[in-house]
Amino acid sequence: MTTEPIDSTLQEHRLFPPRPASELGFARWHVGSLDEYHKLHRRSLDDPEGFWASEAGYLSWFRRWDKVLDWTPPDARWFLGGTINACFNCADRHVQAGHGDEVALVWEAEPIGPQTSHPAPGSAYANEPEVRRLTYRDLQVETSKVANVLKRLGVKKGDVVTIYMPMVPELAIAILACARLGAVHSVIFGGFAPHAISERVLDADSRVIITADGGYRRGDIVPLQQNVEEAVRSLANPTHGGGAHIVNHVLVLRRTGRQPPSKRFHTGHAPDTLPGSATRFHWWHEIEALVSDACPCEPMDAEDMLFLLYTSGSTGKPKGIVHTTGGYLTYVNTTCRLTFNMIPDAGQLFWCSADLGWITGHSYVLYGPLMNRVPTLMYEGAPNFPTLDGGKGDRFWDIIARHRVTQFYTAPTAIRTFMKWGDELPARHDLSSLRILGTVGEPINPEAWIWYHATIGKGQCPVVDTYWQTETGGHVCTPLPGATPAKPGSCTLPMPGIDAAVVNEQGEELPPNQGGLFVIRRPWPGMLRGVHANRERFVSNYWSRVQDPRSGEPYYFSADGARRDPDGYFWIQGRIDDVIKVSGHLLGTMEVESALVSHPMVAEAAVVGMPHDIKGSAICAFVTLKSKWFTENPGNQPGDDLRKELAAHVAREVGALARPDQVRFADGLPKTRSGKIMRRLLRDVAAGVEKITQDTTTLEDFSVVAKLRADEE
Ligand code: WT7
């Protein structure tokens, strides 16, 4: 940790009080006043076990738990002795209750006939996007089939299945199918590069991958299977990363029909093996035709792992965050219900625009709405893909209008982009179905909040700014739409059951408006249970920074700085570790630096975030070159060609999200006496706060500043 939180007091006094449920067409608010919220919150902390037991009662358990909580810090176990299944709670349970024919999931494809150079194969959708509606019964049947497919491929309860797919219904089905049979799902965002796949597959010791022959994105085709082939090949090669890791099976969904899964697939013969490896490839549709559509839901222990999801850390490789079944489901069900005022049979259609490759997608595209029996919308593509009438940049508003979306949940980076594209785009569409607007991923600038509220919500819809993390499973601080007066830029108050605080390094709670560390002082059901195969990282990352000053019990530390205002509202100030939020997505500086250093010309690299209007932060990379480069390019200075090459190298190694906006060459990196890179200085240089070079040569000279600051960090 290199920086400490800054004291900053944003002057933001606008207050948006909640409105009566009836004015927004809701039958009721689950929590209808600030007073009611405070009572609920107090009760949840006075009697956490009673509170969470009643919340868990919203779900369908095969066997009721014997004990609500076992807390041996930092290890919590929730609902001990209880057995439950996630897929059952999302599908079968609703079928059994007579709701089998109701729509569970609405999916819209990206391509629209004549406007795309890649029409979906055999698509009858010349002038409109393909829309599919799946009922709870469809989910039950489809997940049963895929669970049977996985069993046929040798997958057993507890095995990790890696999923690397586009945003199509089969992705949701694949995830739920794993849950159905008790396999652990590990979803990798489709925008990541082969290296990210192999790293995660190896860490999770996963032997089966589900992918697609390609995915549509912004009119292009993402070569998903090709990336998997590359990852599988490099894993099988014993010179990489120690020993050979053999992926036994790859299940391939045919989505585009344009990207032959491998040369052999081209001939239409499947299954087959990748030349030179033992991995067998299977077409999803071929193997699915061979299995039965009945498969019981496996009763899982409440503490059995439901999924792994990798997130970036400040050092080293991505961390596999472990979530278990009973607690996660309970927490997601509760937060989804309260934050979005979910009510079944009330004509709601919920749309969270996140990809299922992120925790937001897991909790609020999939599990939360399905458990609450509110239909969820999934959109395959990008916001700037052309709309039906040739519009550009208004696809989201077009989707909201055509499907009559009632609750919409997106990220500040998207909102800032929409602001930039202008008010005319939303104005072309009827957004009157909207009732609640949500945001997540990073602090939202008050201007963006106001724009979202006024231009998208027409001043009518509550905006819920939800603060949470991959590790927390669900919302930790957020306004409740019927209860909490909102202040633009603040995530307001803790969720019931969450004992959040801003403390100093000694664990003492700070007075209003003083910046400190955001901590959670007691366990909650949705909390991570570990970092996969890395106990040390679990303990040191989350439980070692601060503790209760009296009992010495560790607090959960989120790595965010925050302050509370005199009303007790939380204002998140951002990360205080070395991770960067690019467009709301976490990237570890180490990941990007390692990618840069893997380039044959790079000697050393330091990566920092710099402010960016749309992305929030963008990546700025400081690079020193090997002398080899100068020998091979006598008399030259590195220039734009090399900058582009290095940026592309990072995108190839990590993924497009990680592509640096700036690559700056230096003849040495500024370091402290103990050899630590002075990141704060580099951040200032990147932000333009500090000017280093007096002349205009392409190499930065840090020697002057480094000497001046040698003792600082
Ligand atoms: C980090 C967690 C949680 C799903 C998406 C990101 C930042 C997230 C907010 C918000 C201020 C926010 C924090 C947090 N963050 N939401 N509403 N206000 N900051 O999950 O990738 O695990 O990132 O995102 O810095 O620690 P994640």
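**Helix packing and buried sites**

Helix H17 (residues 589-597) packs against helix H19 (residues 640-653) at about 120 degrees, and their axes lie 9 Å apart. This is a predicted model. A second helix pair, H4 (residues 136-152) and H5 (residues 169-181), crosses at roughly 70 degrees. Two other sites are covered below: helix H13, with 7 of its 10 residues buried, and Thr 376 in strand E18.

**H17 and H19**
- Angles from 65 to 115 degrees count as roughly perpendicular. H17 and H19, at about 120 degrees, are therefore oblique to each other.
- The H17–H19 crossing is right-handed.
- H17 supplies Val 592, Ala 595 and Leu 596 to the contact, while H19 supplies Leu 646, His 649, Val 650 and Glu 653.
- By class, the contact of H17 with H19 has 5 nonpolar, 1 polar and 1 charged residues.

**H4 and H5**
- The axes of H4 and H5 come within 8 Å.
- Their angle of roughly 70 degrees falls in the 65 to 115 range, so H4 and H5 are roughly perpendicular to each other.
- H4 passes H5 in a right-handed crossing.
- On the H4 side, the contact is made by Leu 139, Gln 140, Glu 142, Thr 143, Ser 144, Val 146, Ala 147, Leu 150 and Lys 151.
- On the H5 side, Ile 173, Ala 174, Leu 176, Ala 177, Cys 178, Arg 180 and Leu 181 take part.
- The H4–H5 contact has 10 nonpolar, 3 polar and 3 charged residues.

**Helix H13**
- H13 spans residues 412-421 and is mostly covered.
- Its buried residues are Pro 412, Thr 413, Ala 414, Ile 415, Arg 416, Thr 417 and Phe 418.
- These buried residues pack against two helices, H12 (395-403) and H15 (446-456), and against strands E19 (407-410), E20 (436-440) and E30 (616-625).
- Gly 422, just after H13, takes a positive phi of about 105 degrees.

**Thr 376**
- Thr 376 sits in strand E18 (residues 376-379).
- Buried means under 20% relative accessible area. Thr 376 has 1% relative accessibility, so Thr 376 counts as buried.
- Leaving out residues up to four places away in sequence, Thr 376 touches Ala 104, Leu 105, Val 106, Leu 349, Phe 350, Val 365, Pro 369 and Leu 370.
- Thr 376 and Arg 133 are 243 residues apart along the chain, and their C-alpha atoms are separated by 10.0 Å.

Conventions. Residues numbered from 1 in each chain as written. Predicted model: local features only at pLDDT ≥ 70, side-chain atom pairs only at ≥ 80, totals over all residues. Heavy atoms only, no water. Axes fitted to C-alpha atoms, helices over the stretch in contact; angles between N-to-C directions. Helix = DSSP H or I, 4+ residues; strand = E, 2+ residues; numbered from the N terminus. Parallel < 35°, antiparallel > 145°, perpendicular 65-115°, else oblique. Left-handed = near helix turned anticlockwise from the far one by under 90°. Contact = heavy atoms within 4.5 Å. Nonpolar A, V, L, I, M, F, W, Y, C, P; charged D, E, K, R; others polar. Buried < 20%, exposed > 50% of the residue type's maximum accessible area, 1.4 Å probe, protein only.
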